[in-house]
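Trainee: Could we go through this model together? I would like to start with the ligand and end with the domains.

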Amino acid sequence: MAHTTTVSVIGLGYIGLPTSAVFAKQGVRVIGVDVNQHAVDVINNGDIHIVEPGLREVVANAVKNGLLRATTQCEPADAFIMAVPTPFNADKTGDLSYIKAAAENLAPVLRAENLIILESTSPVGTTEQLEQWLQAARPDLSFPSAAGDNADVQIAYCPERVLPGKVMEELVLNDRVIGGLSNKASKQAAELYKVFLRGDCLLTNARTAEMAKLTENSFRDVNIAFANELSLICDKLSINVWELIRLANHHPRVKILQPGPGVGGHCIAVDPWFIVSSAPEQARLIRTAREVNDFKPQWVLNQVLACLNNCDKPVNEVVVACLGLAFKANIDDLRESPALRIAQQIAVTHGGRTLLVEPNITQLPSALEGGELVELGAALEQADIIVLLVDHEPFKAITRAQLEGKVWVDTKGLIDG
Ligand code: SAJ
């Protein structure tokens with residue numbers, strides 16, 4: 001595909017906006033589409049509505065140069081990339097309503113020679129489902145499941161695999177798995193990504209590409225669950241889990257991940273359920289891993305409650321400090337954070353002062369209004385119980401001397417490790 005191609009990116013969130021920006025940086029005209037009018041206005045002003053290092057400058061330049069424009073309604077383009085959310089329903093099946101809504105927005109402007117790429121993390125079969133919705137809305141056009149390489153419209157699945165906080169770098173460098181509903185769709189999609197991609201394009205079919213994304217995140221979830229389960233076993237057997245993992249990892253073929261307060265974020269705690277709901281009888285390990293990781297915050301809370309009950313003061317006079325609220329180290333993202341959930345439960349159940357230390361934010365979310373956002377030094381000075389929830393860089397400097405006379409629960413091994 002030539003550099004003059006117009007690409008429309010539907011969904012201008014954590015994936016869609018950076019993708020729009022890297023295309024525009026290469027001189028491609030990009031029409032960004034989002035249902036959120038606020039996001040559209042912010043982007044058209046050359047600014048961004050999300051936090052991602054290095055993104056603002058690229059968006060500002062693209063808007064200034066007239067290469068990126070945002071709107072709420074789909075407009076004709078040569079290629080469309082869908083990057084809309086796919087949460088799960090109450091029964092843990094994938095909620096495809098955002099993809100369906102995007103398809104309804106897109107269908108009226110679709111024309112022959114168009115390429116559509118779905119990037120949203122999706123249950124296996126979603127790309128075929130998208131094709132069916134579009135075919136129903138546009139019976140005048142032919143699609144690849146029936147017409148193969150000769151179809152009017154080509155469709156491929158290509159999952160995003162970038163790490164929040166490193167999106168601008170990983171978008172360009174990571175290899176891409178591309179699964180077309182026809183060979184032509186795969187090839188066209190690869191050609192399009194090559195406009196900005198330095199990694200390789202690995203071509204397959206849509207179902208395998210959908211499963212590849214789910215597999216990567218399930219692999220990580222299962223491995224984190226193994227570490228989390230070890231932490232429970234070691235607690236019962238009075239063994240230091242951090243030392244144990246360090247020792248075991250000296251074996252040339254063993255590489256155990258780190259236990260923590262639970263698994264957070266919008267991907268690893270969600271995606272394995274898409275495999276479980278597609279193959280419930282077979283996906284026993286993947287389901288159990290999810291359950292092990294989901295139980296960990298409750299286990300940590302129980303540890304803290306036990307410490308509270310063992311204190312020699314009335315519980316409501318005990319000062320508890322929670323160190324870290326984000327879903328992982330050195331980011332400001334509190335969404336789906338086990339640390340935040342644990343801190344919230346401590347604040348509501350113990351009745352005394354709860355000090356909260358989160359170096360990456362300046363204001364507490366409303367859910368934590370009962371707590372006090374304080375500096376690390378103040379928390380270490382005033383608290384009777386320290387609950388270390390995230391391995392943020394500044395917490396690595398905490399010394400045993402600063403903890404003298406205090407009780408602590410260390411979920412990340414910064415003190416005990
Ligand atoms: N965690 C642990 N122990 C570990 C590693 C991680 O408890 O040893 C926890 C983290 O604290 C966090 C959660 O797991 O709560 C997830 O963090 P993460 O760094 O493993 O992953 P995410 O959610 O930021 O990004 C993942 C990445 N997937 C993989 O590494 C396989 C990323 O490449 C994907 O693009 C992203 O999901 C996504 O969008 O799907």
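The questions below cover the ligand shell and then the two domains.

Mentor: Keep in mind that this is a predicted model.

Trainee: Which residues come nearest to the ligand?

Mentor: The ligand has 20 residues around it. Five of these come nearest. They are Val162, Lys213, Asn217, Arg220 and Phe327.

Trainee: Which helix gives the most to the shell around the ligand?

Mentor: Look at residues 206-237. This helix supplies five residues to the shell. The top contributor is helix α9.

Trainee: How many residues of the shell are charged?

Mentor: Split the shell by class. Nine residues are nonpolar and four are polar. The charged residues number seven.

Trainee: Which residue places a backbone N or O atom 2.8 Å from a nitrogen atom of the ligand?

Mentor: Set the side-chain cases aside. Glu160 has a polar side-chain atom 2.8 Å from an oxygen atom of the ligand. Lys328 also puts a polar side-chain atom 2.8 Å from a ligand oxygen. The backbone case is Gln258.

Trainee: How much of the ligand's exposed area does the protein bury?

Mentor: Start with the ligand taken alone. It then exposes 770 Å². Of that area, the protein buries 86%.

Trainee: Which domains give at least three residues each to the shell?

Mentor: The domain assignment divides the chain into 6-199 and 215-410. Each of these parts gives the shell at least three residues. They are domain 1 and domain 2.

Trainee: What area do domain 1 and domain 2 bury between them?

Mentor: Their C-alpha centres are 35 Å apart. In the contact, 13 residues of domain 1 meet ten of domain 2. Carbon and sulfur atoms carry 64% of the buried area. The total is about 1100 Å².

Methods:
Residues numbered from 1 in each chain as written. Predicted model: local features only at pLDDT ≥ 70, side-chain atom pairs only at ≥ 80, totals over all residues. Heavy atoms only, no water. Near = heavy atom within 4 Å. Polar contact = N/O pair within 3.5 Å; in protein donor to acceptor, adjacent residues only side chain to side chain. Areas by Shrake-Rupley, 256 points an atom, 1.4 Å probe, with all protein chains shown as cover. Helix = DSSP H or I, 4+ residues; strand = E, 2+ residues; numbered from the N terminus. Nonpolar A, V, L, I, M, F, W, Y, C, P; charged D, E, K, R; others polar. Domains from an automatic or database assignment. Contact = heavy atoms within 4.5 Å. Buried area = accessible area lost by both parts, 1.4 Å probe.
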